[in-house]
Amino acid sequence: MSTATATDLTAGTWAIDPVHSSVNFAVRHLVVSKVRGTFDSFTGAIVVAEDGAPSVTATIDINSINTRNEQRDAHLKAPDFFDAEQFPTATFTSTAVRADGDDYVLDGEFTLKGVTKPVSLKLEFNGVNPGMGHGEVAGFEASIVLNRKDFGIDFDAPLETGGAVVGDKVTVTLEIEALKQA
């Protein structure tokens, strides 16, 4: 696979617009259902070099976790899970973007709970729009399945009937709108 260039993205910095973007996740609960949530506070940018090569950086505020249940959110912020007091952010820095048919793969280093691992996200580029008077916007969707235990989130509560209260695999879905900076 060759290195991809963002031919529709002009050179410069594209800031992630948190108002029109989301960081979502889903994890199995009690084997038979899923708990879904979001991180409501995050920042990031896509920088496109003059040769068209893109790079991505992003930071997620772990304390902004929202599963629509305050008690669960408090437990997720605790040392059993994210330990948000000691590790208040998760970060991503890209290392490459590769073409994959009509889509892309975004490779990078993801740091969560003090553990950094290489990851590869499936990336769909939705194009560029002239915007609504505030500059060009670009849209992306990305997803990855992470094993929470790879990042030291190893809380286990086995069920008598087999399985666990919380599954190991977490599906993360990003819907990103980025605004071209002047």
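In which loop is Asp83 found? In this predicted model, Asp83 belongs to the loop between α1 (70-77) and β7 (89-100). The backbone at Asp83 has a positive phi of about 50°, although Asp83 is not a glycine. Most residues other than glycine have a negative phi. With a relative accessible area of 13%, Asp83 is also buried, because the limit for that class is under 20%.

A second residue of this kind is Lys113, which is not a glycine and has a positive phi of about 55°. Lys113 lies in the loop between β8 and β9. The relative accessible area of Lys113 is 14%, so Lys113 counts as buried. The two strands that flank this loop form a hairpin with 2 residues between them, and Lys113 is in the turn.

The hairpin leads into the strand pairing. Strand β8 (residues 103-112) runs antiparallel to strand β9 (residues 115-129), and 9 bridges join them. Within this pair, Thr111 stands opposite Thr116 in β9. On β8 there is also Asp107, which has 13% relative accessibility and therefore counts as buried. Apart from neighbours within four places in sequence, Asp107 is in contact with Phe92, Ser94, Thr95, Ala96, Arg98, Val119 and Ser120.

One of these contacts has an ionic character to consider. Side chains of opposite charge can pair when their charged atoms come close. Asp107 forms a salt bridge with Arg98, in which the closest N and O atoms are 2.6 Å apart. The structure holds 1 salt bridge. How do the two partners stand in terms of accessibility, buried or partly exposed? Asp107 is buried because its relative accessibility is 13%, whereas Arg98, at 26%, counts as partly exposed.

From β9 the path continues to strand β10 (residues 137-147), which pairs with β9 in the antiparallel sense over 7 bridges. Here Gly127 stands opposite Gly139 in β10. Gly139 has a relative accessible area of 16% and is therefore buried. Its contacts, leaving aside neighbours within four places in sequence, are Glu124, Phe125, Asn126, Gly127 and Ile176. The contact with Ile176 joins residues 37 apart along the chain, and the C-alpha atoms of Gly139 and Ile176 are separated by 5.7 Å.

The remaining subject is open space. Rolling a probe the size of a water molecule over the atoms shows where empty space is left. The second largest pocket holds about 220 Å³ of space. Its lining comprises 14 residues, and those nearest the centre of the pocket are Phe25, Val35, Arg36, Gly37 and Arg68. Which strands each supply at least two residues of this lining? They are β2 (22-29), β3 (33-39) and β11 (166-180). Of the contributors, β3 gives the most to the lining, with 5 residues. By class, the lining of the second largest pocket has 7 polar, 4 charged and 3 nonpolar residues.

Definitions and conventions
Residues are numbered from 1 along each chain as its sequence is written. This is a predicted model: local features need pLDDT of at least 70, side-chain atom pairs count only at pLDDT 80 or more; totals for chains, interfaces and linings use all residues. Side-chain values use heavy atoms; hydrogens and water are left out. Helices (H or I, at least four residues) and strands (E, at least two) are DSSP runs, numbered from the N terminus. Buried means under 20% relative accessible area, exposed over 50%, partly exposed in between (1.4 Å probe, protein chains only). Contact means heavy atoms within 4.5 Å. On a 1 Å grid over the protein atoms alone, a cavity is a set of points where a 1.4 Å probe fits but cannot get out, and a pocket is an open set with protein on both sides within 12 Å along at least five of seven lines; lining residues have an atom within 4 Å of a point. Grid points are joined across faces, edges and corners, and a volume is the space filled by probe spheres set on the points. Ala, Val, Leu, Ile, Met, Phe, Trp, Tyr, Cys and Pro count as nonpolar, Asp, Glu, Lys and Arg as charged, and the others, Gly among them, as polar. A salt bridge is a side-chain nitrogen of Lys or Arg within 4 Å of a carboxyl oxygen of Asp or Glu. Two strands pair if DSSP finds at least two bridges between them.
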